[in-house]
Amino acid sequence: MTFRSGFACFVGRPNAGKSTLTNALVGQKVAITSGRPQTTRHVIRGIVHRADAQLVLVDTPGLHRPRTLLGERLNDLVKDTLTEVDVVGFCIPADQRVGPGDRFIADQLAELARDRQGTPVVAIVTKADLVPRPRMAEQLVAVSQLGEWADVVPVSAQDGFQVGELTDVLVGHLPEGPALYPEGELTDEPESVMVAELVREAALEGVRDELPHSLAVVVEEIVPREEPARDGTPMLDVRVNLFVERDSQKAIVIGKGGARLRDVGSQARRGIEGLLGARVYLDLHVKVAKDWQRDPKQLGRLGF
Ligand SMILES: Nc1nc2c(ncn2[C@@H]2O[C@H](COP(=O)(O)OP(=O)(O)OP(=O)(O)O)[C@@H](O)[C@H]2O)c(=O)[nH]1
Ligand SMILES: [Mg+2]
C-alpha cells in the first residue's frame with residue numbers, strides 16, 4: 001500500500017466555514033468558529049490520520065480586502081501559507097451568491113498558479129445543508145466558472161455530507177511519503193494558544209458590530225496549584241487578558257455587574273478543562289489597548 005502525506009490549506013472569505021470544515025475533517029475541535037467574520041487570526045493545523053495517509057489541514061484567516069494593518073498581516077499570512085502546501089481548498093458557501101469577495105480570492109489563486117505551477121486547487125462549496133438541491137446545482141456551475149479547479153466538491157460540515165469524499169479528494173493530491181506527526185496528535189497548536197482561542201470564542205458569542213474585530217486574547221500564565229481539588233484532580237490557575245480598543249468596549253465585555261464576563265468565563269472554563277484534563281480556576285482581566293489593530297507595536301505585543 002502506498003502511504004501519502006502532506007499539507008492542504010483552506011482559504012476563502014471570512015465566515016465561509018473553513019474552521020468548521022477543518023474540525024469536521026479532523027473529527028474534533030481544533031479551531032474555534034463563530035458567526036462573526038474574521039474569527040480565525042492565525043494559521044491552525046489540524047491533522048487527519050488514516051490507514052493510507054496523513055493529511056495536515058492548515059486553516060487560515062479569511063482572505064479579504066484589508067482595511068487595517070491587522071487585515072494586511074492576516075492576508076500576508078494566508079499568501080505565505082498558500083505557497084507551502086500540496087493542495088489548496090477554496091471554500092465558497094452554498095447559501096451566498098458568488099460575489100466580489102470570492103472573485104478577489106480566485107484572482108489571487110490564479111496569480112499564485114502563474115508564479116508557482118502545479119499546486120492544485122479544489123473548490124469546496126460549503127454549508128450544503130443550507131440550500132435545496134437546485135440552488136446547489138446553480139452554485140456548482142457558478143463556482144466552476146470562477147477559475148481552473150482540480151475538482152469541485154459540495155460538502156456540509158454540519159451534517160457530515162461528503163466530508164469523507166472531500167478527504168479522499170484532498171489525499172489524492174498528496175505526494176507519497178511517511179507520516180509527519182505522531183499517531184493520535186490532532187493539532188500542533190500550543191496549549192496556551194488553544195486556551196486563548198477558547199476564551200475568545202466564548203467572548204465572541206453575542207457581541208456585535210465592530211467589537212469582535214477589536215478583541216484580542218492573551219494567556220498570561222498557566223500554573224499548577226500546589227493543592228489538588230478535594231477529589232484529587234489536579235488544579236490549574238489560568239490567567240488570561242482580554243484586550244479591547246476602547247473603554248466603551250470594555251464595559252460591554254464585562255457587562256452589568258460583571259455578568260457577561262462571568263458567563264464567558266464559565267463557558268470557556270468547560271472547554272479549557274476538557275483540553276487540559278484538569279480542574280481550572282480561570283482568571284479573566286479586560287484591558288484597553290487603544291486602537292491595537294492599527295498600531296504595529298501593539299500588534300507585535302499581541303502576537304501578530
Ligand atoms: N449550516 C451550516 N453552517 C455552517 C457550516 N459550516 C460552518 N457553518 C457556520 O458558519 C459560520 C462561520 O463558520 P467558521 O467555520 O467560523 O468560518 P471561517 O471561514 O473559519 O471564518 P473566519 O475564520 O472568520 O474566516 C459559523 O456560524 C458556523 O457555524 C455548515 O456546513 N452548515
Ligand atoms: Mg476560521
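**How many nonpolar, polar and charged residues are in the shell around ligand 1?** In this predicted model, the shell around ligand 1 breaks down into 6 nonpolar, 15 polar and 3 charged residues. There are 24 residues around ligand 1, and the ones that come nearest are G17, S19, T33, T40 and G62. If you're wondering which element gives the largest share of that shell, look at helix α1, residues 18-26, which puts in 3 residues.

**The whole chain, with its helices and strands.** Zoom out for a moment and you can count 10 helices and 9 strands in the protein chain. Its radius of gyration is 20 Å, close to the 19 Å that the globule rule gives for 304 residues, so the chain is as compact as a globular protein of that length. Picture a box drawn along the principal axes: the C-alpha atoms fill roughly 55 × 45 × 40 Å. Of the 304 residues in the protein chain, 37% are buried. Now take the contacts between residues at least 6 apart in sequence: 69% of them join residues at least 24 apart.

**Domain 1 and domain 2, and where they touch.** The domain assignment splits the protein chain into domain 1, running over 4-172, and domain 2, running over 191-301. Going by C-alpha atoms, the centres of domain 1 and domain 2 sit 28 Å apart. The contact draws 9 residues from domain 1 and 11 residues from domain 2. What classes of residue does domain 1 bring to the side that touches domain 2? Sorted by class, that side of domain 1 has 3 nonpolar, 4 polar and 2 charged residues.

**A close look at helix α9.** This helix covers residues 259-276, which makes 18 residues. From its first C-alpha to its last, α9 reaches 25 Å, close to the 26 Å expected at 1.5 Å a residue. Right after α9 comes G277, with a positive phi of about 65°.

**The buried residues of α9 and what they pack against.** Which residues of α9 are buried? They are V264, A268 and I272. So what do these buried residues pack against? Their partners are α6 (191-204), β8 (235-244) and β9 (279-288). Try finding V264, A268 and I272 along α9 in the structure, then look across to α6, β8 and β9.

How values were computed. Residues are numbered from 1 along each chain as its sequence is written. Chains are lettered from A and ligands numbered from 1 in the order in which they are written. This is a predicted model: local features need pLDDT of at least 70, side-chain atom pairs count only at pLDDT 80 or more; totals for chains, interfaces and linings use all residues. A residue is near a molecule or strand if its C-beta atom, placed from the backbone, lies within 6 Å of it. Helices (H or I, at least four residues) and strands (E, at least two) are DSSP runs, numbered from the N terminus. Ala, Val, Leu, Ile, Met, Phe, Trp, Tyr, Cys and Pro count as nonpolar, Asp, Glu, Lys and Arg as charged, and the others, Gly among them, as polar. Domain bounds come from an automatic or database domain assignment. Two residues are in contact if their C-beta atoms, placed from the backbone, lie within 7 Å. The radius of gyration is taken over C-alpha atoms; the globule rule is 2.2 Å times the number of residues to the power 0.38. A residue is buried if 20 or more other C-beta atoms lie within 10 Å of its own, exposed if 12 or fewer, and partly exposed in between; C-beta atoms are placed from the backbone. The expected span of a helix is 1.5 Å times one less than its number of residues.
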